Amino acid sequence: SWTPEHFVDSMVETLQRTIGKEDQVILGLSGGVDSSVAALLLHKAIGTRLHGIFVNNGLLRKDEYEQVLHSYQGLGLNVRGVDASQEFYDSLAGLTDPELKRKAIGRTFIEVFDREAQKVEGARWLAQGTIYPDVIESVSVKGPAVTIKSHHNVGGLPEKMNLRIVEPLRALFKDEVREVGHTLELPEHILHRHPFPGPGLGIRILGDITPEKVDLLQRADAIFINGLKEHGLYEKVWQAGVMLLPVQSVGVMGDERTYERVVALRAVTSVDGMTADWAHLPYEFLAEISNKIINQVRGINRVVYDISSKPPATIEWE
Ligand code: XMP
């Protein structure tokens, strides 16, 4: 029967046999479970011949770039962090259409990744954290999974650099990936991380993206996510986040009339993200988060809670 220990042993052997004793391997890390587990497996197999590249697209959660990079380095991985935030903001300037934003983010990611990958001498392989449902998904939509997973898609790169693909998690389901990650001692905060879209906060800022809006959203989002963790609710929801809406509303602070931004909190329960119900979070909790956001984040004066299910709504607003 399948055990994570046995999987690790046999996959490490397979990787060593496939990659050989000299080739260098490149892997794009996202901070998510899949790419992190793939990295640990490859690291166990070939050590520092695995070259991880972790790109900051400027659309990650608050402090996430620093924290995740630090965790990776703590695990002994050979990972290079590349802060390309400005490049992403430049490519997004003035764009408001969700699909155009996704495309710009995807394109910039490939440019940055390609440039960084070229710096690795002797690279022969591109590793990917593809898991079984990704394989199915890309088959069932009859085409590349670009629109759904633009962040993970490094299409064009393998051909251009003449890289061969290695996908150690290709046969695994998500829960199996987690078991393997546990066996390889991936830190809990990565192992139990909620799904997070490749385009990140870029599709949670409705309308055009500016660094100021990213900062506002990061602070509101951190209050929500930390609140969920403090109240033991984080593990009870499938995914959660905050949407920055392109509207302003009237409020009152002291004797002053305010005219500021509105955010929507989104938290859902789900088994696979295909369908989802809005999470029935306690009113007291929602009240606390709303007060904190409005009191601590200047520029936001109203908080609403999204009570739509998928379908017909989607988890993200864009
Ligand atoms: P929706 O909004 O379609 O989201 O209900 C379902 C799941 O997919 C994530 N998502 C994305 N992930 N690139 C990604 O890598 C994207 O462009 C993208 N759009 C949505 C979403 O966060 C949820 O987990």
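1. Strands, as the term is used in this note, are DSSP runs of type E with at least two residues, numbered from the N terminus. With that convention, strand 6 gives the largest share of the lining of the largest cavity, namely four residues. The model under discussion is a predicted one, and the points below should be read with that in mind.

2. The cavity deserves a fuller description. When the whole structure is searched, one cavity of 30 Å³ or more is found, and the volume of the largest cavity is about 40 Å³. Its lining consists of R204, Q239, A240, G241, M243, R266, A267, V268, I315 and E316. Strand 6 (239-253) is joined by strand 7 (256-269) in supplying at least two residues each to this lining.

3. On charged pairs, the structure holds 15 salt bridges. One of them is formed by the side chains of K174 and D34, with an N to O distance of 3.2 Å. Since K174 belongs to helix 8 (residues 174-183) and D34 to helix 2 (residues 33-46), the pair ties together parts that are 140 residues apart in sequence. The two partners can also be described by their accessibility: K174 is partly exposed, its relative accessible area being 33%, whereas D34, at 13% relative accessibility, counts as buried, because buried is taken to mean under 20% relative accessible area.

4. A salt bridge within a helix is found in helix 10, where the side chains of R219 and D215 meet at 3.4 Å, N to O. These two residues are four apart in helix 10, so about one helical turn separates R219 from D215. R219 counts as partly exposed at 28% relative accessibility, and D215 likewise counts as partly exposed, at 36%.

5. Helix 11 (residues 283-296) offers another such pair, in which E288 forms a salt bridge with K292 and the closest N and O atoms are 3.5 Å apart. Both residues lie in helix 11, with a spacing of four residues, about one turn of the helix. E288 is partly exposed, with a relative accessible area of 27%, and K292 is partly exposed as well, with a relative accessible area of 29%. Apart from these pairs, a network of salt bridges links R80, E116 and K119.

6. The geometry of helix 10 can be considered in its own right. Helix 10 covers residues 211-230, which makes 20 residues, and the distance from its first C-alpha to its last reaches 28 Å, close to the 28 Å expected at 1.5 Å a residue. Following helix 10 comes G232, whose phi is positive, near 65°.

7. Some backbone features merit inspection, given that most residues other than glycine have a negative phi, and most peptide bonds are trans. D63, although not a glycine, has a positive phi, near 65°; this residue D63 sits in the loop between strand 2 (50-56) and helix 3 (64-74), and D63 is partly exposed, with a relative accessible area of 40%. E185, also not a glycine, has a positive phi of about 65°. The place of E185 is the loop between helix 8 and helix 9 (188-191), and at 63% relative accessibility E185 counts as exposed.

8. Cis peptide bonds are found at two successive positions: the bond from K310 to P311 is cis, with omega near -15°, and the bond from P311 to P312 is cis too, with omega near 10°. P311 lies in the segment after strand 9 (300-305), and P312 is placed in the segment after strand 9 as well. A reader checking the model may wish to look at both bonds together.

9. Turning to the surface, Y132, I136 and F173 make up a nonpolar patch of about 270 Å². Of its members, I136 is found in helix 6 (residues 132-140), and I136 counts as partly exposed at 41% relative accessibility.

How values were computed: Residues numbered from 1 in each chain as written. Predicted model: local features only at pLDDT ≥ 70, side-chain atom pairs only at ≥ 80, totals over all residues. Heavy atoms only, no water. Expected span 1.5 Å × (residues − 1). Patch = residues over 30% accessible without salt bridge, like charges linked within 9 Å, V, L, I, M, F, W, Y side chains within 5 Å. Areas by Shrake-Rupley, 256 points an atom, 1.4 Å probe, with all protein chains shown as cover. Salt bridge = Lys/Arg side-chain N within 4 Å of Asp/Glu carboxyl O. Buried < 20%, exposed > 50% of the residue type's maximum accessible area, 1.4 Å probe, protein only. 1 Å grid on protein atoms, 1.4 Å probe; cavity = no way out; pocket = protein on both sides within 12 Å on 5 of 7 lines; lining within 4 Å. Points joined across faces, edges and corners; volume = space filled by probe spheres on them.
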